[in-house]
Amino acid sequence: MSKYVDDVIMEETSDDSDTRKIIVRLLDENTNLDTIKTHFSSFGTINDIDLKTDENGKSRGFCFITFIDASIIDKIVEEVHCIDGKEVIVARAIPYKDRTKTNKLFVGGLPESLSEQDIHSFFEQFGKIEKIETVIDQETQRRKHFCFIVFDSTDAVEKVVNGKNPPRSVIHKIGKFRLECRKKFPEGHPIQKKFKEMRKQQMEIYPGPSIDAFGYSYYGYSSYGYPGTFQTYTPTAFSYGGPLRPNSQRGCFGYRPY
């Protein structure tokens with residue numbers, strides 16, 4: 001079964017076939033199944049070829065190939081491949097369920113009085129923390145009201161957000177403070193691109209500084225840009241945020257903060 005995310009197809013497959021599957025990108029629009037089979041059958045026995053085509057039957061530029069033997073996949077992806085006179089990109093196919101996972105967490109709504117040690121102490125219950133990234137306002141040289149937490153596994157982030165994908169988020173409380181937590185993906189990731197578009201639409205409706213659901217200003221931060229300077233947390237060095245924004249401002253996606 002296939003799923004479309006931002007017009008890119010990602011496959012949902014069984015665990016067994018995942019280890020035997022590759023994706024081939026940048027195919028010529030005139031490349032057909034026979035050409036693909038002829039090229040890749042020299043590496044091993046092919047179980048299935050799923051070539052994605054448009055309404056005219058021409059290649060959409062990529063396909064999935066499943067082999068019988070999983071042990072040959074490493075050799076295939078290390079090779080340089082040319083099909084119909086064009087160099088193509090070959091990589092392991094990543095299952096759809098894994099494309100929605102990340103080891104990076106966005107935490108918003110950080111108050112001035114909440115230290116980075118407090119943040120670390122709370123979130124380490126979900127998994128081992130590799131680092132905490134804060135963003136420093138270039139004018140005030142103070143920590144902005146959000147941070148990123150990088151865990152050593154994607155499972156930790158799944159626990160924090162209960163498996164929810166952006167723009168959906170989960171609220172966690174540290175003492176009396178409520179923090180907004182959601183997954184953070186690389187900028188080119190389909191989920192992050194979709195979230196970026198939603199933020200853009202929100203800013204068109206409610207122009208002005210980016211305001212989170214708690215009334216804090218991100219001082220120009222959005223899910224897809226970082227004008228500030230990153231700082232990595234260490235237990236002996238803390239930085240604190242700037243002034244709070246009025247709670248009368250509109251929050252994320254047009255919702256009024258409480």
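These exercises walk through a predicted model, each with a worked solution.

Residues are numbered from 1 along each chain as its sequence is written. Local features need pLDDT of at least 70, side-chain atom pairs count only at pLDDT 80 or more, totals for chains, interfaces and linings use all residues, and side-chain values use heavy atoms, without hydrogens and water.

**Exercise 1. Confidence**

Find the average pLDDT of the protein, and the stretches where pLDDT stays under 50.

Solution. Start with the term: pLDDT is the predictor's confidence in each residue, from 0 to 100. The protein averages 77, and 72% of the residues score at least 70. Next, scan for low stretches. Residues 210-230 stay under 50; the model has 94 contacts (heavy atoms within 4.5 Å) for them beyond four places in sequence. Residues 233-258 also stay under 50, with 73 such contacts. Where pLDDT is low, the predicted coordinates should not be read in detail.

**Exercise 2. The largest nonpolar core**

Work out which elements supply the largest nonpolar core.

Solution. A nonpolar core is a set of buried Ala, Val, Leu, Ile, Met, Phe, Trp, Tyr and Cys residues joined through side-chain atoms within 4.5 Å. Buried means under 20% relative accessible area, exposed over 50%, partly exposed in between (1.4 Å probe, protein chains only). The largest core has 21 residues; Leu105, Val107, Ile119, Phe123, Ile149, Phe151 and Val160 touch the most other members. Now map the core onto helices (H or I, at least four residues) and strands (E, at least two), which are DSSP runs numbered from the N terminus. Elements that each supply at least two residues include β8 (104-108), α5 (116-123) and β10 (143-151). α6 gives the most, with four residues. A second, separate core of 17 residues includes Ile36, Leu51, Ile65 and Val90.

**Exercise 3. Rings**

Classify the pair Phe123 and Phe126.

Solution. Rings of Phe, Tyr and Trp (its six-membered ring) pair if their centres lie within 6.5 Å; planes under 30 degrees apart count as stacked, over 60 as edge-to-face and the rest as tilted. The structure holds eight aromatic pairs. In this one, the centres are 6.2 Å apart and the planes meet at 40°, so the pair is tilted. Phe123 is buried, at 0% relative accessibility. Phe126 is buried too, at 13%. Elsewhere, ring pairs link Phe106, Phe146 and Phe148 into a cluster.

**Exercise 4. Cysteines**

Count the disulfides, then place Cys63 and Cys82 as buried, partly exposed or exposed.

Solution. A disulfide is a pair of cysteine sulfur atoms within 2.5 Å. The whole structure has zero. Cys63 is buried, at 0% relative accessible area. Cys82 is partly exposed, at 47%.
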